[in-house]
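Work through the exercises below with the structure open. Each task is followed by a stepwise solution.

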Amino acid sequence: PGGAGSAPSSPLSRLVTVELSKTDVRHQVFGFTNVPEVEPDGRVALRVTEVSPDGLLAEWNAKHPRRRVRPGDRIISVNGVHSSLAQMRGLLCGHTVRLGVERAIDGGDLEDRWPGACW
């Protein structure tokens, strides 16, 4: 078994798929930093620690504001790989990535949970 679909998520999270492609590899960056994490049950992830305002992820976030990736979110797969932190990080050096991101729902996502409510 493999791929992003086989990684479980908690009931208070949301899975988002993000595709980023560098068309100008000399001047474009995916634009986020991350740290590796290993859960007590052995699952691995890359925790997003910062999103650069000048990167491709910030552009993606601007186009998808309800699914934006933020610091604290967890990348649970890169190009379908979800069981090897070294391989996941290595794939982030490529030109195109497909990220499986697990977003934790917090107070900032109240509008997402209850659309149309007045906050």
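Of the 119 residues in this protein, 34% count as buried. The model is a predicted one.

**Exercise 1. Set out the overall architecture.**

Step 1. Count the elements: the protein has three helices and five strands.

Step 2. Read them in sequence order. The pattern is β-β-β-α-β-α-β-α.

Step 3. Look at the contacts with a separation of 6 or more. Residues 24 or more positions apart account for 63% of them.

Step 4. Turn to the surface. About 6,900 Å² is exposed, and carbon and sulfur atoms supply 55% of that area.

**Exercise 2. Describe how β2 and β3 are joined.**

Step 1. Find the pairing. Strand β2 covers residues 32-38 and runs antiparallel to β3, with seven bridges between the two.

Step 2. Inspect the connection. The two strands form a hairpin, with five residues between them. G42 sits in the turn and has a positive phi of about 95°.

Step 3. Pick out one bridge: T33 is partnered with E50 of β3.

**Exercise 3. Classify T49 as buried, partly exposed or exposed, and trace its surroundings.**

Step 1. Place the residue: T49 belongs to strand β3.

Step 2. Apply the cut-offs. Buried means under 20% relative accessible area, and exposed means over 50%. T49 has 39%, so this residue is partly exposed.

Step 3. List the contacts of T49, skipping neighbours within four places in sequence. They are T33, N34, V35 and P71.

Step 4. Check the side chains. Those of T49 and T33 make a polar contact of 2.6 Å.

Step 5. Add a C-alpha distance. T49 and R74 are 25 residues apart along the chain, and their C-alpha atoms are separated by 9.4 Å.

**Exercise 4. Map the largest nonpolar core.**

Step 1. Take its members. The core holds 21 residues, and V18, L20, F32, I75, V78 and L99 touch the most other members.

Step 2. Assign the sources. At least two residues each come from β1 (13-21), β3 (44-51), α1 (56-63), β4 (74-78), α2 (85-91) and β5 (96-104).

Step 3. Follow I75. Neighbours within four places in sequence aside, I75 contacts F32, A45, L46, V48, M88, L99, G100 and V101.

**Exercise 5. Show how M88 is covered.**

Step 1. Locate the residue: M88 lies in helix α2.

Step 2. Test for burial. The relative accessibility of M88 is 0%, so M88 counts as buried.

Step 3. Name the contacts beyond four places in sequence. M88 touches V44, L46, I75, I76, S77, V78, V81 and H82.

Step 4. Compare chain and space. M88 and A45 are 43 residues apart along the chain, with their C-alpha atoms separated by 8.7 Å.

**Exercise 6. Find what the side chain of N61 reaches.**

Step 1. Place N61: this residue is found in helix α1.

Step 2. Decide its exposure. N61 has a relative accessible area of 11%, so N61 is buried.

Step 3. Leave out neighbours within four places in sequence. N61 is then in contact with V51, R68 and V69.

Step 4. Look for a polar partner. A polar atom of the N61 side chain lies 2.7 Å from the backbone nitrogen of V69.

Definitions and conventions
Residues numbered from 1 in each chain as written. Predicted model: local features only at pLDDT ≥ 70, side-chain atom pairs only at ≥ 80, totals over all residues. Heavy atoms only, no water. Core = buried A, V, L, I, M, F, W, Y, C linked by side-chain atoms within 4.5 Å. Buried < 20%, exposed > 50% of the residue type's maximum accessible area, 1.4 Å probe, protein only. Helix = DSSP H or I, 4+ residues; strand = E, 2+ residues; numbered from the N terminus. Contact = heavy atoms within 4.5 Å. Polar contact = N/O pair within 3.5 Å; in protein donor to acceptor, adjacent residues only side chain to side chain. Pairing = 2+ DSSP bridges. Areas by Shrake-Rupley, 256 points an atom, 1.4 Å probe, with all protein chains shown as cover.
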